[in-house]
Amino acid sequence: MVDETGYVNKSEVQGSSFEVGAKVTYEGREMTVSQAPDSDGDIKLIDLDLSGVMALAASLPECKSLTSLECA
């Protein structure tokens, strides 16, 4: 699941870089910068929750009846 914030001023975010892709902390959660600072210092952040994807990937080797997998 991917959640994107609205515009947040970088003064509300903890991190050493605010470039796209940088990992920062916002409201106690680790997030990734999805939009670099604009002229007002506002950025957008995304919260990538990959726990479901990782659980599915971990179970694939045990699924002997699965012969192919297609991502849409």
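Strand β5 is mostly covered in this predicted model: of its 7 residues, 6 are buried. The strand spans residues 42-48, and a good way to read the structure is to follow its neighbours.

One neighbour is strand β4, residues 29-35, which runs antiparallel to β5 and is joined to it by 3 bridges. Within this pairing, valine 33 has leucine 45 of β5 as its bridge partner. The two strands form a hairpin, with 6 residues between them. In the turn sits glycine 41, whose phi is positive, at about 85 degrees.

Another neighbour is strand β2, made of residues 8-9. It too is antiparallel to β5, and 2 bridges join the two. Here valine 8 stands opposite isoleucine 43 of β5. In a regular strand, side chains alternate between the two faces of the sheet.

Side chains also make contacts. Side chains of opposite charge can pair when their charged atoms come close. The structure holds 1 salt bridge. Its partners are arginine 29 and aspartate 47, with 3.8 Å from N to O. The pair links distant parts of the chain, since arginine 29 belongs to strand β4 and aspartate 47 to strand β5, 18 residues apart. How covered is each partner? Aspartate 47 counts as buried because its relative accessibility is 17%, and the limit for buried is under 20%. Arginine 29 has a relative accessible area of 38%, so it is partly exposed.

A contact of another kind involves lysine 44, which lies over the face of tyrosine 7, at 4.7 Å from the ring centre. As for pairs of aromatic rings, the count comes to 0.

After β5 the chain enters a loop that leads to helix α1, residues 51-59, and leucine 50 lies in this loop. Is leucine 50 buried or partly exposed? Its relative accessibility is 47%, so leucine 50 counts as partly exposed. Leucine 50 is also one of the residues in a nonpolar patch on the surface, together with Leu48, Val53 and Met54. The accessible area of the four together is about 390 Å².

A last stop is the loop between β2 and β3, where glutamate 12 is found; strand β3 covers residues 23-26. Glutamate 12 is partly exposed because its relative accessible area is 44%. Along the sequence, glutamate 12 and tyrosine 26 are 14 residues apart. In space, their C-alpha atoms are 7.1 Å apart.

Terms used:
Residues numbered from 1 in each chain as written. Predicted model: local features only at pLDDT ≥ 70, side-chain atom pairs only at ≥ 80, totals over all residues. Heavy atoms only, no water. Patch = residues over 30% accessible without salt bridge, like charges linked within 9 Å, V, L, I, M, F, W, Y side chains within 5 Å. Areas by Shrake-Rupley, 256 points an atom, 1.4 Å probe, with all protein chains shown as cover. Salt bridge = Lys/Arg side-chain N within 4 Å of Asp/Glu carboxyl O. Helix = DSSP H or I, 4+ residues; strand = E, 2+ residues; numbered from the N terminus. Buried < 20%, exposed > 50% of the residue type's maximum accessible area, 1.4 Å probe, protein only. Pairing = 2+ DSSP bridges. Phe/Tyr/Trp six-rings, centres within 6.5 Å; stacked < 30°, edge-to-face > 60°. Lys NZ or Arg CZ within 6 Å of the ring centre and 35° of its normal.
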